[in-house]
Amino acid sequence: MAQRKAELIQSRLDKLQRIRSRGVNPYPARYLCSHTTQEAITLYRESRVEGSGIPEQIVSRAKRLQTLKLAGRITAMRSMGKAIFLDIRDGSGKVQAYLQRDAIGEEKYSLLQDFDIGDFIGVEGELFETRAGEITVKVSDFTMLSKSLQPLPEKWHGLADVEKRYRQRYLDLLSNEQVRRTFEVRSQAISAMRRFLEKRGFIEVETPVLQSLAAGALARPFATHHHALDSDLYLRIATELHLKRLIIGGFDRVYEIGRIFRNEGISTKHNPEFTTLESYQAYADYHDVMEMVEQMVSFIAKEVLGTMRISFGELTVDLSPPWQRLTLREAIKEGSGVDFEAFPDARSLEAEIRKTGLRVEEGMSWGKLVDYLLSHTVEPNLIQPTFLMDYPVKLSPLAKRKPGCDHLVERFEAFAGGMEIANAFSELNDPLEQRERFEEQERVRALFGDEEAERIDEDFLLALEHGMPPTGGLGVGVDRLVMLLTGHQSIREVILFPQLRTVPG
């Protein structure tokens with residue numbers, strides 16, 4: 001197999017040399033296209049329906065379509081003696097090209113013998129329709145635009161090696177139409193998200209990726225060092241605390257869509273770097289944010305997919321508002337049989353969990369145990385969109401207490417397709433209580449060796465002491481939302497270049 005590939009590469013190198021020996025530049029700097037392949041096909045079809053109710057200006061424009069210039073990658077070649085048919089693909093789609101020796105000339109036509117599948121070509125000519133009904137370019141001239149030295153996946157059937165698909169995503173995109181569609185949906189979903197937020201008066205901002213303290217979430221950070229400043233820095237684990245500073249500074253509605261970095265395990269739902277939306281709205285609470293989330297996600301689905309009912313595996317998920325609302329306590333009690341509020345310390349809760357047959361690591365904090373129950377007995381079963389509300393204070397050091405329930409906070413997480421897609425709070429804006437919460441997290445870190453516990457951010461506390469209005473905050477996992485919209489079960493399918501283990505050598 002390796003020898004066969006080496007022979008194919010050498011053949012292409014030989015062809016490259018012959019092309020250059022003829023005075024042809026195999027890598028020109030530019031090529032001016034008149035249309036994309038799909039624009040040209042659409043105009044041709046419009047020109048064939050005169051008198052069918054299409055506006056006259058469109059018909060006239062299509063009639064004027066004579067010689068055009070298209071470009072793309074050759075994905076198929078079929079020799080017919082004195083003629084060659086090519087399939088040419090650009091970013092919009094595919095068109096067939098017909099190159100006839102008598103029309104092009106013997107010398108130029110002979111250059112085609114040094115073209116391969118994978119090469120880029122520019123063609124000039126007129127469109128016609130074959131007997132089989134395929135719209136085709138009758139080529140009068142062509143230009144080599146790039147010589148491919150590596151053979152593409154055989155017969156364009158895609159890559160069977162999953163690891164190779166991720167490492168060489170460009171080949172995956174070339175060979176799999178569905179993969180390209182996934183990332184088109186991702187781009188369109190993010191654009192729709194921006195439109196939704198901007199219509200609601202939010203402005204987009206940017207906050208630092210390199211931070212002196214990793215705070216704003218319960219996560220282990222990546223560390224680095226700035227040599228000029230001789231300072232240890234961290235890649236951000238959240239954008240929360242900087243965005244709240246902007247609320248304090250007078251921006252009432254802000255959001256950021258950007259990369260977050262967490263030094264945690266890799267799974268079908270976790271990648272060390274991922275994309276989130278975080279938004280903050282002054283004078284709002286978690287009920288307002290709940291309404292916004294169900295409206296935003298359903299809006300995105302409608303805009304991108306044309307429907308709020310989407311397929312997820314063998315299931316259908318209906319994103320139409322309103323979504324189901326449950327308290328965290330009742331959801332965990334129903335899913336596991338454990339009422340975590342009846343076991344107020346880590347030791348007793350761990351013992352109760354073990355009675356259910358679930359295996360938990362020894363020495364986990366109380367909050368970690370509750371989160372374990374959620375992720376193992378509840379989350380996988382939340383297929384239809386659901387809000388779980390009212391979390392313990394110990395799980396939510398940045399959220400405001402629920403009136404009348406001092407042990408709970410006004411927090412929700414949104415789930416769909418058996419995974420968490422959003423997390424939100426009524427934000428804690430009491431600087432004295434916030435300091436107490438941070439200090440409690442430091443005690444948890446020391447007692448349980450919990451590297452994911454929240455840190456004390458003195459600069460944020462100073463900002464908070466200047467006064468922050470009541471605020472509703474939101475975090476949405478963009479990658480997981482795209483997983484939901486595209487029906488994928490693995491986060492690697494919706495990240496163009498997911499993190500992979502380094503290959504030796």
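Trainee: Is strand β19 largely enclosed or left open by the rest of the structure, and how many of its residues are buried?

Mentor: This is a predicted model, and burial here means a relative accessible area under 20%. By that cut-off β19 is largely enclosed by the rest of the structure, because the buried residues in this strand number 5 of the 7.

Trainee: Which strands pair with β19, and which residue of β19 stands opposite Phe 425?

Mentor: β11 pairs with β19 in the antiparallel sense over 7 bridges, and in that pairing Ala 282 has Thr 471 of β19 as its bridge partner. β18 is also joined to β19, again running antiparallel, by 5 bridges. The pairing strands are thus β11 and β18, and the residue of β19 opposite Phe 425 is Gly 473.

Trainee: Which elements are included in the cover over the buried residues of helix α9?

Mentor: Helix α9 spans residues 240-248, and its buried residues are Glu 240, Leu 241, Leu 243, Lys 244, Arg 245 and Ile 247. Just after this helix, Gly 250 takes a positive phi of about 110°. The cover over the buried residues of α9 includes β10 (253-261), β11 (273-282), β18 (419-426), α15 (458-464) and β19 (471-477).

Trainee: Where does Tyr 283 lie, and is this residue buried or exposed?

Mentor: Tyr 283 has a phi near 70°, a positive value in a residue other than glycine. This tyrosine lies in the loop between β11 and α10 (286-305). Its relative accessible area is 59%, and since a value over 50% counts as exposed, Tyr 283 is exposed.

Trainee: What is the order of the strands in the open sheet of 3 strands, and which of them are at the edges?

Mentor: The pairing in this open sheet is antiparallel, and the order is β7-β9-β8. Each edge strand pairs on one side only, and the edge strands are β7 (210-211) and β8 (223-226).

Trainee: How many bridges join β8 to β9, and which residue lies in the loop between them with a positive phi?

Mentor: The two strands run antiparallel, with β9 covering residues 231-235, and they are joined by 4 bridges; one pair of bridge partners is His 226 and Ser 231. In the loop between β8 and β9 lies Asp 230, which counts as exposed at 60% relative accessibility. The number of bridges is therefore 4, and the residue with a positive phi, about 50° although not a glycine, is Asp 230.

Trainee: Which strands form the closed barrel, and what angle does helix α2 make with β3?

Mentor: The barrel has 5 strands with mixed pairing and runs β1-β2-β3-β5-β4. Neighbouring strands of this sheet are turned by 55° against each other on average, direction ignored. Helix α2 (residues 37-47) packs on the sheet and touches β1 (68-79), β2, β3, β4 and β5 (135-146), while its direction and that of β3 make an angle of about 80°.

Trainee: Over how many bridges do β2 and β3 pair, and which residue of β3 stands opposite Arg 89?

Mentor: Strand β2 takes in residues 83-90 and strand β3 residues 93-100, and the two pair in the antiparallel sense over 8 bridges. Within β3, the residue opposite Arg 89 is Lys 94.

Trainee: Which residues does Phe 128 touch, leaving out those up to four places away in sequence?

Mentor: Phe 128 has its place in strand β4 (residues 120-129) and is partly exposed, with a relative accessible area of 27%. Its C-alpha atom and that of Ala 97, 31 residues apart along the chain, are separated by 10.0 Å. The residues that Phe 128 touches are Tyr 44, Tyr 98, Glu 134, Ile 135, Thr 136, Val 137 and Lys 138.

Trainee: Which residues does the cis peptide bond with omega of about -5° join?

Mentor: One partner in this bond, Pro 322, has its place in the loop between β13 (315-318) and β14 (324-327). The bond, with omega about -5°, joins Pro 321 and Pro 322.

Trainee: What percentage of the 505 residues in the protein is buried?

Mentor: The protein contains 16 helices and 19 strands, and its C-alpha atoms fill a box of roughly 85 × 60 × 50 Å along the principal axes. Of the contacts between residues at least 6 apart in sequence, 65% join residues at least 24 apart. The buried share of the 505 residues is 48%.

How values were computed. Residues are numbered from 1 along each chain as its sequence is written. This is a predicted model: local features need pLDDT of at least 70, side-chain atom pairs count only at pLDDT 80 or more; totals for chains, interfaces and linings use all residues. Side-chain values use heavy atoms; hydrogens and water are left out. Buried means under 20% relative accessible area, exposed over 50%, partly exposed in between (1.4 Å probe, protein chains only). Contact means heavy atoms within 4.5 Å. Axes are lines fitted to C-alpha atoms, for helices over the stretch in contact, and angles run from 0 to 180 degrees between N-to-C directions.
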